[in-house]
Amino acid sequence: MATADSPTDLMERIVALCKRRGFIFPSSEIYGGFNGFFDYGPLGAELKKNIRDCWWNDMVRRRDDIVGLESSIIMHPKVWEASGHVAGFTDPLVDCKVSKQRYRADQLFFAPVVVDGKTVGYVSALESERTTEDLQAAAETFKRKKAIQGKIEPVRPRDMTEAKPEEIALIPSPATGEPGSLTAPRSFNMMFQTNVGAMTDGSSVAYLRPETAQGMFVDFKNVVDTGRVKLPFGIAQIGKSFRNEITPRNFIFRSREFEQMEMEYFIHEDADWKKCHDEWIEWCRNWLLSIGLPESHLSLYAHPKEKLAFYSKGTVDIMFKYPFGVQELWGIAARGNYDLTQHATASGKPMEYFDEATKKKFVPHVIEPAVGVDRILLAALCAAYAEEDVKDEKGNVEKRTVLRFSPRLAPIKVAVLPLMKNKPEIVDVAEKLYRRLKRKWNVFYDESGAIGRRYRRQDEIGTPWCVTIDFETIEKDGTFTLRERDTMQQRRIMEPELLQLLEEKVY
């Protein structure tokens, strides 16, 4: 059972807030939902757009060496043959023959139950922050139920990809708790297949893209020929991708339809790729800080050489501490010239770059920072969510739920609140300010309920500032009350000061 402060309970509260306040809904909910797919409500759509806009502005518009691209979701199937996705874009799959449940083999863990040096059985558990503890508890329960005497040894977890054939029949299924129903791991291609045109035979087979990167490689020569670019330069893209995940989980962290922000940075074949790789790792990390993710939640994970693809020079993931564990947020890979070379070979079209200085042609190498919009959105939600005890106007203690979004990401930047809705002179000033602010920022107008209750509503959706139009505004100096979300402090300001604040904080 989850406690009030447990990661599971925290995640449940965040998911509930997302539904209650219109951030994220289960897709097709009136029909029972559709596993692995989500809809973004009014506030979620704004939050997602702000993430995309921040990334695009900082990655493309504010740099001189990056250009943008928007490639099609469905491309020629030979693109995916050349890239290796048709043959190798697979996850290891394990079936439970009794329950019909499916598991990713590398996310299903097992351990032998060893008592006095002898294996007396096996236990299993799905991957989580408590995998080892769960397996140990299951082993203790197994020993007790079987009335086995002796000293039990600490469990040694392994995932199902490491299971020996003779062990598979002895490992219990998480669904049934009984051994004998799990299959051996097998490869499962995660690409969604479709058909293009009137026919549905082999000649019409195509795929929904599992990543946006290949569009940038396929269009490399078009960009070079038309974009007036010189090495080093990058091509950036934001777009939907689709992967038929075996076990979608952790809310929007791992879903079947998601949005990516990827950039391919092309460098000279003789360039110092390690230096360039390190620079992009630092850029990505600083960008995450600029949108309000706390440094304490970020860490780096360098993939060991033995786990890298044969063509990869190195990959580093920026990790984020979610309530359900530390997970990959942003991958920065040094991919060599593999992708361009593969497409040149498969298509028969050269993917070379002509260097004016040396009069030499070569295939550039590439550094690839790739991140999911949905994962950043979830990280922003988790980092921003807080509950605290505060006093209301009468001095009573109440619980305040607040989303401390960076002003860059906040779905609504300012809430305009007339103190009284039945005073035309106050309402008139409030409506005029609201219309002026709406020309540039997403602003909310609210005249319903007590002012304290209106503040709480804005706190819960992450609005950084509330401005209240009151009698002092119309009877004295024209100032209005600015209320800060995080500190709840209030001060009187003029409209030019508010505009300057927004210009500085929302960029």
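Two strands pair if DSSP finds at least two bridges between them. I kept that in mind while looking through this predicted model.

**Entry: β13 and its neighbours**
I started with strand β13 and looked up its partner β19, residues 365-372. The two run antiparallel, and 6 bridges join them. For a spot to click on, I noted that Y265 stands opposite I367 in β19.
Then I turned to strand β12, residues 233-242. It pairs with β13 over 10 bridges, also in the antiparallel sense. Here F233 has F266 of β13 as its bridge partner.
Is β13 mostly covered or mostly open? I found it mostly covered, with 10 of the 11 residues in 257-267 buried.

**Entry: the β7-β6-β8 sheet**
Next I traced an open sheet of 3 strands, in the order β7-β6-β8, with antiparallel pairing. Its edge strands are β7 (118-126) and β8 (158-159), each pairing on one side only.
Which helix packs on this sheet? I found α5, residues 131-145, touching β6 and β7. The direction of α5 makes about 135 degrees with that of β7.
I also checked β6 (residues 108-115) against β7 and found 8 bridges in the antiparallel sense. A handy pair to display is L108 in front of its opposite number in β7, L126.

**Entry: helix α13**
Last, I looked at α13, residues 451-461. This helix is mostly covered, with 8 of its 11 residues buried. Among the buried ones I listed the charged-letter entries R454, R456, D459 and E460, along with Y455 and I461.
Just after α13 I came to G462, which takes a positive phi of about 90 degrees.

Terms used:
Residues are numbered from 1 along each chain as its sequence is written. This is a predicted model: local features need pLDDT of at least 70, side-chain atom pairs count only at pLDDT 80 or more; totals for chains, interfaces and linings use all residues. Side-chain values use heavy atoms; hydrogens and water are left out. Buried means under 20% relative accessible area, exposed over 50%, partly exposed in between (1.4 Å probe, protein chains only). Helices (H or I, at least four residues) and strands (E, at least two) are DSSP runs, numbered from the N terminus. Contact means heavy atoms within 4.5 Å. Axes are lines fitted to C-alpha atoms, for helices over the stretch in contact, and angles run from 0 to 180 degrees between N-to-C directions.
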